[in-house]
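Trainee: I am new to this structure. Could you walk me through the model, one topic at a time?

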Amino acid sequence: MAQNIWTLANHLTFLRLSAIPLLLILLSFPQKIPSFLAACVFLIASLTDLLDGFLARQRKQVTTLGKLLDPLADKLLVSAVLIMLIPLNRVPAWMVFFIIGREIAVTGLRSILSCKGIVLSASRWGKWKFALQTISLSCLILHYSYFGFNFHQIGIFTLWLAFILTLYSGYHYFKQFYFYLKEDY
């Protein structure tokens, strides 16, 4: 029986993907108003990640496409923003390299295991990592001071926390991968 891929959850995932070009355009203009608009777009797009998974499970509309597209949309959204923030001097390039490298490596591990029929699910550490990335990147996109808060400093602080969780959750995924691989041989 064919799955209906046009679920509300998948629409939200497509919405998250379609936000990326808009973010790229807005981040090309690093002034205060475009930065504020970009932060709003990023935050809304990131929140669709919470909503799509919840709706898919609640409505019993979990699809294979959603399982594949949802984490890909998250990685593309975060990677696009991180890369755009480098020339604006809002994030260190070396940190972006490690964060994106971890995402590619974990995706590779998942692909290898999926060929063996094993699903490497998102860990709670990975979910916390994404939440901290969302907070930090929202602040770094805002960049300027609002209401007496220096959002760049808040963003850098939370980015360091997200970076630590990025490394830790990456370690956790590699450990799980090794466990599954060891069972195979």
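Mentor: Start with a term: pLDDT is the predictor's confidence in each residue, from 0 to 100. Helices (H or I, at least four residues) and strands (E, at least two) are DSSP runs, numbered from the N terminus. This is a predicted model; local features need pLDDT of at least 70, side-chain atom pairs count only at pLDDT 80 or more, and totals for chains, interfaces and linings use all residues. Residues are numbered from 1 along each chain as its sequence is written, and side-chain values use heavy atoms, with hydrogens and water left out.

Trainee: In which element is confidence lowest, and in which is it highest?

Mentor: Take the average beforehand: the protein has a mean pLDDT of 87, and 96% of the residues score at least 70. Where pLDDT is low, the predicted coordinates should not be read in detail. Confidence is lowest in helix H3 (residues 64-85), with a mean of 86, and highest, at 94, in strand E2 (residues 149-150).

Trainee: In what order do the elements run from the N terminus on?

Mentor: Count by type: the protein holds six helices and two strands. From the N terminus on, the order is α-α-α-α-α-β-β-α.

Trainee: What is the radius of gyration of the protein?

Mentor: This value is taken over C-alpha atoms, and the globule rule is 2.2 Å times the number of residues to the power 0.38. Along its principal axes the C-alpha trace spans about 55 × 35 × 25 Å. For 185 residues the globule rule gives 16 Å, and the protein comes close to that, so it is as compact as a globular protein of that length, with a radius of gyration of 17 Å.

Trainee: What share of the 185 residues is buried?

Mentor: Buried means under 20% relative accessible area, exposed over 50%, partly exposed in between (1.4 Å probe, protein chains only). Of the 185 residues in the protein, the buried ones make up 43%.

Trainee: How far does helix H4 reach from its first C-alpha to its last?

Mentor: The expected span of a helix is 1.5 Å times one less than its number of residues. H4 has 23 residues, and 33 Å is expected at 1.5 Å a residue. Gly 117, with a positive phi near 80 degrees, follows H4. The reach of H4 is close to the expected value, at 33 Å.

Trainee: Which element gives the most to the nonpolar surface patch?

Mentor: Patches are made of residues with over 30% relative accessible area and no salt bridge: like charges are joined within 9 Å, nonpolar side chains (Val, Leu, Ile, Met, Phe, Trp, Tyr) within 5 Å. Here Trp 94, Phe 97, Phe 98, Trp 160 and Leu 167 make a nonpolar patch of about 560 Å². Helices H4 (93-115) and H6 (151-184) are the elements that give two or more residues to it. With three residues, the one that gives the most is H4.

Trainee: Phe 98 is in that patch. Why does Phe 98 count as partly exposed?

Mentor: Phe 98 lies in helix H4. Phe 98 counts as partly exposed because its relative accessibility is 42%.

Trainee: How many salt bridges are there?

Mentor: Side chains of opposite charge can pair when their charged atoms come close. A salt bridge is a side-chain nitrogen of Lys or Arg within 4 Å of a carboxyl oxygen of Asp or Glu. One of them joins Glu 103 and Arg 102, 3.1 Å from N to O. By this rule the count is six.

Trainee: Which side chain meets Asp 49 in a salt bridge?

Mentor: Asp 49 is buried, with a relative accessible area of 14%. Its partner is also buried, at 0%. The salt bridge is 3.6 Å, N to O, and the side chain that meets Asp 49 is Arg 16. The two link distant parts of the chain, helix H2 (residues 32-58) and helix H1 (residues 8-27), and are apart by 33 residues.

Trainee: How many residues apart in sequence are Asp 70 and Arg 16?

Mentor: These two side chains also form a salt bridge, at 2.3 Å, N to O. Asp 70 lies in helix H3 and Arg 16 in helix H1, so the pair ties together parts separated in sequence by 54 residues.

Trainee: Is Asp 70 buried or exposed?

Mentor: The relative accessibility of Asp 70 is 18%. Asp 70 therefore counts as buried.

Notes
Areas by Shrake-Rupley, 256 points an atom, 1.4 Å probe, with all protein chains shown as cover.
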